[in-house]
Amino acid sequence: MNIGIIGAGVTGLTAAYRLARAGEKVTVFDRSPETGGMVRTFQMGGTRLESFYHHCFNSDTDLVSLVEEMNLGARLRWKAPVNALWVPQGLYRFTTPGDLLRFRPLSLAGRVRFGLQVLGAKRVKDWKTLEGITARDWVCAGAGRDVWETLWGPLMRSKFGDSAEDVAAVWLWNKLVLRGGSRSKDLKNEELGYLEGSFGVLWDEVARRIRTLGGRICLGERVDRIVPREEGVELSVSGSLQSFDQVLFAAAPALLPPLAPDLPGDYAASLGELPYQANLCLCLKLEGPPLSPFYWISVAREDCPFVAAIEHTRLVDPAAYGGTVLYLSRYLDATDPLFSADDETVVARFLESLTDLYPLFYPDLVTESHLSRERYAQPVVGLGYSGRIPDLRTPLKGLYLASMSQIYPEDRGQSYAVRLGREAAEEMRRDVRRGL
C-alpha cells in the first residue's frame, strides 16, 4: 500500500514506523520544519530541550517499550522528585500521603476524606460510571465541598477556565489513578523518567528508521486539500497532487474539515465541536542555585497567571544546561487575549508572580527564555464524552483520523499517543485485508 500521513507528531511518526516496518510505502507530511509535534525541541544552554515540559511515568509501558525497541533504554533515567502545592496560604510539600495529612489549609476531616477518595478511585472498575457526573460534584460528594473549594476547584479553573465545572469526573479519576500507579515500590514518591538528551532523541531515531525502511518525511510541506477518489485518496501538497491508497490525519480534529470539504456536514460539525484548551509554556534558564527543593509545583491560586511551575533541573542534572531550567505553564481558551499577546507581554506577566513563589528569584537571573504556544493542547472532557469520540475511520473511504481527543479515558501523553499510532496502523492494514 501507498500511505500518506498528515502530522509528524508522536502518533503520526509511530503509525508511519509501524506501517513501514510492515512493508508499506509511507510518506509523512508536516507543515512544521521539525518532527515531534508537542515534543518538538529547541536549544537551551546548548542542549536540546522540549518546548513543552515532558517526563514519563513508569506506568507508560507503550513509550518505554518503544524506547527499548529504538535501543535507547540505557538513556532513560528514573528519579523520584519531590512536588508541592502553592495555595493562598503558602507553599506546601505535596508528594506523599504524609504530606496530605500535614496539609493545614484543609481541616483534618477534609484531609482524611480526600485521602479516602484517592484510595477509592483506584477501586473503580468501570470508568463509564463516572461519565455522567462532573468532577466538581464527584469531589463534593466523596471528599466534601471544602476539598473542592480549597484544592481541586482552583486547579481545575486554572486548567480549564470557564469549562472547569463541566469537566467529567472521568478526567480527574484518571489523574488520581495514573499518579497512584507511578509510585515507587515503597508507595511514597512518584517515579518519573526522562530521556538523556531530550525525548527528541527518540523521535529522531524513529524518523531515521522510517527513512531506512524506505519511507519519506516531508517537513515544511503543507497539505492544502484532501480529496476522496474512486480508488484511494488524493492530497494537494503545497500545490502539487499526490495519490495514496490510504491517508491518516494525525492532528487536531478541528483542522480536518477545512481540508476535506467532502466530509458529511454533521460529521465535520462534530469534529469542530470537540473543545480544546490552548497552552502557553515559558521555559527559563536561570543563573545561580536551584529555586526550591521541588520538581513540580501545582498552583491552586487564581491570582497567578500560570498553573504549574516545573523546575526541570530537579529531574535532570543542571550541568546539562549550565544552570537551572524552569517551565511555567498556562492553559487558557484560545480566545483569551493573553494567548495572542506578544512574547514580551506574556513573559512579563509570568515573571510578575515568580517572586511571590520563589523568594530567591529576581528577573536578572534569567539568561535565556523560550516561549511556546499550542492551540490544541488539552481536550476538554465533558459529560458523556465517550459518545463524542470520533472513530479512527472517517466517513470518507481510505481517510483515517488519530488525535489526542481519541485516547480517552486517558489524558494526553506520549505513551498514549504511541499506542494510538500503533492502533491506527493496525486498523488501516486490517481494513485492506477486509477489502474496506
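Here are some friendly notes on helices and loop residues in this predicted model.

1. Let us start with helix H1, residues 10-21. Twelve residues at 1.5 Å each should span 16 Å, and the end C-alpha atoms of H1 are 16 Å apart, so the helix agrees with expectation. H1 is mostly covered, with ten of its twelve residues buried. Those buried residues are Val10, Thr11, Gly12, Leu13, Thr14, Ala15, Ala16, Tyr17, Leu19 and Ala20. After H1 comes Gly23, where phi is positive, near 95°.

2. Next, have a look at H2 (residues 61-69) and H12 (residues 414-434), whose axes come within 7 Å. The crossing angle is roughly 75°, and the two helices are therefore roughly perpendicular to each other. On the H2 side the residues in contact are Thr61, Asp62, Leu63 and Leu66, which meet Gln414, Ser415, Val418, Arg419 and Arg422 of H12.

3. Helix H6 (residues 145-160) deserves a point of its own, beginning with its partner H5 (residues 135-142). The axes of H5 and H6 come within 8 Å and cross at roughly 150°. That angle makes H5 roughly antiparallel to H6, and the crossing is right-handed. From H5, Ala135, Arg136, Val139 and Cys140 take part, meeting Arg145, Val147, Trp148, Trp152 and Met156 of H6.

4. H6 also packs against H4 (residues 108-121), with axes that come within 9 Å and cross at roughly 75°. H4 is thus roughly perpendicular to H6. Gly110, Arg113 and Phe114 of H4 make this contact with Asp146, Val147, Leu151 and Trp152 of H6. If you are viewing the model, Val147 and Trp152 are worth picking out: they appear in the contact with H5 and again in the contact with H4.

5. Now for a loop residue, Asn83, which sits between strand E6 (76-79) and strand E7 (84-87). Is this asparagine buried or exposed? Its relative accessibility is 7%, and because the cut-off for burial is under 20%, Asn83 counts as buried. A polar atom of the Asn83 side chain lies 3.3 Å from the backbone nitrogen of Trp296. Leaving aside residues up to four places away in sequence, Asn83 touches Arg93, Phe94, Thr95, Glu190, Phe294, Tyr295 and Trp296. Trp296 is thus a partner of Asn83 both through the backbone nitrogen and in the list of contacts.

6. A second loop residue to visit is Ala260, found between strand E14 (246-249) and helix H9 (265-272). With a relative accessible area of 1%, Ala260 is buried. Which residues does Ala260 touch, not counting those up to four places away in sequence? They are Ile226, Leu396 and Leu399. Ile226 is 34 residues from Ala260 in sequence, while their C-alpha atoms are 4.9 Å apart in space.

7. Finally, helix H11 covers residues 343-357, a run of 15 residues. From its first C-alpha to its last, H11 reaches 22 Å, close to the 21 Å expected at 1.5 Å a residue. At the start of this helix, a side-chain oxygen of Asp342 comes to within 3.1 Å of the backbone nitrogen of Glu344. The buried residues in H11 are Val346, Val347, Phe350, Leu351, Ser353, Leu354 and Leu357. When you look at their spacing, it helps to recall that an α-helix has 3.6 residues a turn, so residues three or four places apart point the same way.

Note on methods. Residues numbered from 1 in each chain as written. Predicted model: local features only at pLDDT ≥ 70, side-chain atom pairs only at ≥ 80, totals over all residues. Heavy atoms only, no water. Helix = DSSP H or I, 4+ residues; strand = E, 2+ residues; numbered from the N terminus. Expected span 1.5 Å × (residues − 1). Buried < 20%, exposed > 50% of the residue type's maximum accessible area, 1.4 Å probe, protein only. Polar contact = N/O pair within 3.5 Å; in protein donor to acceptor, adjacent residues only side chain to side chain. Axes fitted to C-alpha atoms, helices over the stretch in contact; angles between N-to-C directions. Parallel < 35°, antiparallel > 145°, perpendicular 65-115°, else oblique. Left-handed = near helix turned anticlockwise from the far one by under 90°. Contact = heavy atoms within 4.5 Å.
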